Amino acid sequence: MRSFPGPALEIVDRMRAAAAVDPARAIALQGSPGANSHRAATEARPDLLPLPCFSFEDALDAVKDGRAGHAIIPIENSQHGRVADIHFLLPESGLHIVGEFFMPIHHALMALGEGPFEAAYSHPQALGQSRRYLREKGIVPLSHADTAGAAAFVAERGDPTVAAIAPAIAADLYGLKIIEHNVEDSPDNMTRFVILAAAPLAPEALAGKPVMTTFVFEVKNIPAALYKALGGFATNGVNMTKLESYQIGASFSATMFYADIIGAPGDPAVDRALEECAFHSKELRILGTYGQARARG
């Protein structure tokens, strides 16, 4: 936790102290105060107390250790794809997805000086979402643990030739000037966050609501295994809205798939589809069933 830049530490300590008084009401997030995850936490769950953590692992551990009742984690961006490593971290965490939140993302270029700038620090996702802008301006992108942390780092470094790409609120928090608003390459830039807890939602809490179910599975290493595993969703009329693959280990012989479907276990069609998928898989694990924040299909 002490890895935060100096200008962020005082705010982090205040938030940690507030969360420690009532851990059940704390929601852990990755990044410094002012990061997009901080903004998402306050917008998605204004009733909870933000608990900034340095890494995604730290945020998940805060829930596992009982220092927070929930965590909010970005999982994918409309422009830059999935957040690195998140598909590995979610299954390994043992936590359950209990909600989702979609948030428009707007980045600002901020600095102590007026420019020109040799480099800009930010989270790799934000750098990727502003790639065209940085190239046009001749600014070298440099990676940092999070967006607002990059702003705090630039403030702490005191070098007027470097900038940060971060949410506009970070400039106010860390005493930087906003050089330009909305430097993201796409005006409809959107990030999907998931909210996690130690226990899954009870089925009755979702009764009568449109719901999503997220799961991961590893198919058997035989011809047409994926085709067979997915066939049950088609024949049972279950809408799969996301399917993404990722490798396990260094052998490149075992592939995991991350999937979202509309519906919940307990629905006969969903149960049949999941049963058929499990039959053709070496492993299938449900990560959570939760209410839709945005309609699919």
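At what angle do helix 1 and helix 7 pack, and how far apart are their axes? The tour reaches that pair after some conventions.

**Conventions**

This is a predicted model, in which local features need pLDDT of at least 70 and side-chain atom pairs count only at pLDDT 80 or more, while totals for chains, interfaces and linings use all residues. Residues are numbered from 1 along each chain as its sequence is written, and side-chain values use heavy atoms, with hydrogens and water left out. Helices (H or I, at least four residues) and strands (E, at least two) are DSSP runs, numbered from the N terminus.

**Stop 1: the domains**

Colour the chain by its domain assignment: domain 1 (6-105 + 189-197), domain 2 (108-181) and domain 3 (207-291). Such bounds come from an automatic or database domain assignment. The C-alpha centres of domain 2 and domain 3 are 40 Å apart.

**Stop 2: the sheet of 5 strands**

Select strands 6 to 10, which form an open sheet of 5 strands in the order 8-7-9-6-10, with mixed pairing. Two strands pair if DSSP finds at least two bridges between them. Strand 8 (140-143) and strand 10 (177-180) are the edges; each has a single partner strand, so one side of each is left without a neighbour in the sheet. From one strand to the next the twist averages 35°; angles run from 0 to 180 degrees between N-to-C directions, and axes are lines fitted to C-alpha atoms, for helices over the stretch in contact.

Next, select strand 7 (residues 119-122), which pairs with strand 8 in the parallel sense over 4 bridges. Within strand 7's pairing, Tyr121 stands opposite Leu142 in strand 8. Then show helix 7 (residues 147-157), which packs on the sheet and touches strand 6 (108-111), strand 7 and strand 9 (162-166). The direction of helix 7 makes about 155° with that of strand 9. Contact here means heavy atoms within 4.5 Å.

**Stop 3: helix 1 against helix 7**

Keep helix 7 and add helix 1 (residues 6-21): the two pack at an angle of about 130°, with their axes 7 Å apart. Helix 1 is therefore oblique to helix 7; angles under 35 degrees count as roughly parallel, over 145 as roughly antiparallel, 65 to 115 as roughly perpendicular and the rest as oblique. Show side chains for Gly6, Pro7 and Ala8 in helix 1, which meet Ala152, Ala155 and Glu156 in helix 7. The residues of this contact divide into 4 nonpolar, 1 polar and 1 charged. In this scheme Ala, Val, Leu, Ile, Met, Phe, Trp, Tyr, Cys and Pro count as nonpolar, Asp, Glu, Lys and Arg as charged, and the others, Gly among them, as polar.

**Stop 4: backbone exceptions**

Most residues other than glycine have a negative phi, and most peptide bonds are trans. Centre the view on the loop between strand 6 and strand 7, where Pro116 lies; the peptide bond from Gly115 to Pro116 is cis, with omega near 0°. Then move to Asn182, in the loop between strand 10 and strand 11. Although Asn182 is not a glycine, its phi is positive, about 50°.

**Stop 5: a salt bridge**

Select Arg192 and Glu76, whose side chains meet in a salt bridge (2.9 Å, N to O). Arg192 belongs to strand 11 (residues 190-197) and Glu76 to strand 3 (residues 70-77), so that the pair links distant parts of the chain, 116 residues apart. A salt bridge is a side-chain nitrogen of Lys or Arg within 4 Å of a carboxyl oxygen of Asp or Glu, and by this rule the count comes to 16.

**Stop 6: the sheet of 4 strands**

Show strands 12 to 15, an open sheet of 4 strands with antiparallel pairing and the order 13-14-12-15. At its edges stand strand 13 (240-247) and strand 15 (281-291), each with a single partner strand, so one side of each is left without a neighbour in the sheet. Here the twist averages 15° from one strand to the next. Strand 13 and strand 14 (residues 255-262) run antiparallel and are joined by 7 bridges; Leu243 has Ala259 in strand 14 as its bridge partner.

Add helix 4 (residues 86-93), which lies across strand 12 (211-219), strand 13, strand 14 and strand 15 and runs at about 95° to strand 13. Helix 9 (residues 225-235) also lies across strands 12, 13, 14 and 15, running at about 155° to strand 12.
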